[in-house]
Amino acid sequence: MLAAIGSGGQGASNIRGCAPGNNIVALCDVDDKQAAQTYEQYPNAPRYRDFRKMLDQERNNIDAVIVATPDH
């Protein structure tokens with residue numbers, strides 16, 4: 001069961017690469033517009049803007065986290 005921090009841009013590509021055979025259980029991004037396509041692909045995954053809240057609320061559902069955030 002995977003979650004993602006950074007769900008648009010490079011994160012979207014990383015999620016697509018890991019998604020086959022895995023369950024995407026939560027998505028996080030500060031930019032809803034950038035992550036919109038990913039949100040549409042995984043409509044059942046809860047959406048978060050704060051990764052801390054996501055990790056706290058979904059901790060029992062997550063086995064791994066994809067982190068794809070800019071370095072600035």
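**Exercise 1.** In this predicted model, work out which helix Phe51 lies in, and whether Phe51 is buried, partly exposed or exposed.

*Solution.* Start with the location: Phe51 belongs to helix H3. Next, check the relative accessibility, which is 39% for Phe51. Buried means under 20% and exposed means over 50%, so Phe51 counts as partly exposed.

**Exercise 2.** Find which residues make the nonpolar surface patch, and which elements each supply at least two of the patch residues.

*Solution.* First, list the members: Phe51, Leu55, Val65 and Val67 make a patch of about 320 Å². Then look at where they come from: helix H3 (51-58) and strand E4 (64-67) each give at least two residues to the patch.

**Exercise 3.** How many salt bridges are there? Take the one between Asp32 and Arg49 and explain why the pair ties together parts that are apart in sequence.

*Solution.* The count is three salt bridges. In one of them, the side chains of Asp32 and Arg49 meet at 3.4 Å, N to O. Asp32 sits in helix H2 (residues 32-41) and Arg49 in the loop between strand E3 (47-48) and H3, so the pair links parts that are 17 residues apart in sequence. As for accessibility, Asp32 is partly exposed at 39%, and Arg49 is partly exposed at 49%.

**Exercise 4.** For the salt bridge between Asp56 and Arg59, sort Asp56 and Arg59 into buried, partly exposed or exposed.

*Solution.* Begin with the contact: these side chains meet at 2.7 Å, N to O. Now use the cut-off: exposed means over 50%. Asp56, at 47% relative accessibility, is partly exposed, while Arg59, at 53%, is exposed.

Notes. Residues are numbered from 1 along each chain as its sequence is written. This is a predicted model: local features need pLDDT of at least 70, side-chain atom pairs count only at pLDDT 80 or more; totals for chains, interfaces and linings use all residues. Side-chain values use heavy atoms; hydrogens and water are left out. Patches are made of residues with over 30% relative accessible area and no salt bridge: like charges are joined within 9 Å, nonpolar side chains (Val, Leu, Ile, Met, Phe, Trp, Tyr) within 5 Å. Accessible areas come from the Shrake-Rupley method with a 1.4 Å probe; for residues, only the protein chains shown count as cover. A salt bridge is a side-chain nitrogen of Lys or Arg within 4 Å of a carboxyl oxygen of Asp or Glu. Helices (H or I, at least four residues) and strands (E, at least two) are DSSP runs, numbered from the N terminus. Buried means under 20% relative accessible area, exposed over 50%, partly exposed in between (1.4 Å probe, protein chains only).
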